[in-house]
Amino acid sequence: AVMSTHTGLFKDSETSFGIFYPNNYMVVVLPHLPVAVDARNKLLTHGYMAEDIVLLTGSEFTHLVEDLRRDAGMWSRFTKCLSRIIGTEELQLDIDLEHANRGAAFLAVYCPDEGTTNKLCDILKPLGPLSMLRYSSLAVERLV
């Protein structure tokens with residue numbers, strides 16, 4: 001129940017593996033909160049809906065991961081399903097946490113198809129994201 005506040009923000013996530021997984025989202029790590037806020041505003045001016053964008057500060061992201069890790073069963077299912085998909089997700093998460101500790105912010109944008117992916121890349125890449133990953137039910141695609 002701890003995570004319902006976070007997982008409720010993500011449209012297709014909970015059904016994916018019966019656990020938290022940002023299915024059909026692009027997760028963008030930006031160097032600082034003001035950059036993430038700027039990115040969010042850019043998306044809104046490009047016609048994205050506010051409910052399709054989730055903005056997390058570094059500390060909110062860290063709390064989300066801590067909540068996942070506190071539930072050992074859920075954590076092992078989470079990492080197992082992700083490592084099955086891309087093999088190095090545990091490492092990616094450590095890198096993301098490192099970014100979070102340095103003040104990075106996280107933007108998750110609902111991204112159900114290829115067209116949206118390309119459009120998001122066009123809008124967000126110029127802002128210098130530290131990483132961009134698109135999560136789908138079949139794969140995690142690294143864009144930056």
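**Exercise 1.** Which residue just after α3 takes a positive phi?

Solution. The model is a predicted one. In it, G47 follows just after α3 and has a positive phi of about 95°.

**Exercise 2.** Check the span of helix α3 against the value expected from its 13 residues.

Solution. Step 1: helix α3 covers residues 33-45, and at 1.5 Å a residue it should span 18 Å. Step 2: the C-alpha atoms at its ends are 18 Å apart, so expectation and model agree.

**Exercise 3.** Determine which residues of α3 are buried and how they are arranged around the axis.

Solution. Step 1: A36, A39 and L43 are the buried residues of α3. Step 2: these residues lie on the same side of α3, because the arc they cover around the axis is only 55°. Step 3: the general reason is that an α-helix has 3.6 residues a turn, so residues three or four places apart point the same way. Step 4: on the face turned away from the buried side of α3 are the exposed residues P34 and T45. Step 5: the cover over the buried residues of α3 includes the strands β1 (25-30), β2 (53-56) and β3 (105-110), together with helix α7 (114-124).

**Exercise 4.** Find how many disulfides the structure has, and explain the state of C111 and C121.

Solution. Step 1: searching the whole structure gives 0 disulfides. Step 2: C111 is in no disulfide, and the cysteine sulfur nearest to it belongs to C121, 7.8 Å away. Step 3: a disulfide requires sulfur atoms within 2.5 Å, so the 7.8 Å between the sulfur of C121 and that of C111 is too far for a bond. Step 4: C111 counts as buried because its relative accessibility is 0%. Step 5: C121, at 10% relative accessibility, also counts as buried.

How values were computed: Residues are numbered from 1 along each chain as its sequence is written. This is a predicted model: local features need pLDDT of at least 70, side-chain atom pairs count only at pLDDT 80 or more; totals for chains, interfaces and linings use all residues. Side-chain values use heavy atoms; hydrogens and water are left out. Buried means under 20% relative accessible area, exposed over 50%, partly exposed in between (1.4 Å probe, protein chains only). Helices (H or I, at least four residues) and strands (E, at least two) are DSSP runs, numbered from the N terminus. The expected span of a helix is 1.5 Å times one less than its number of residues. The arc is that of the directions from the helix axis to the C-beta atoms. Contact means heavy atoms within 4.5 Å.
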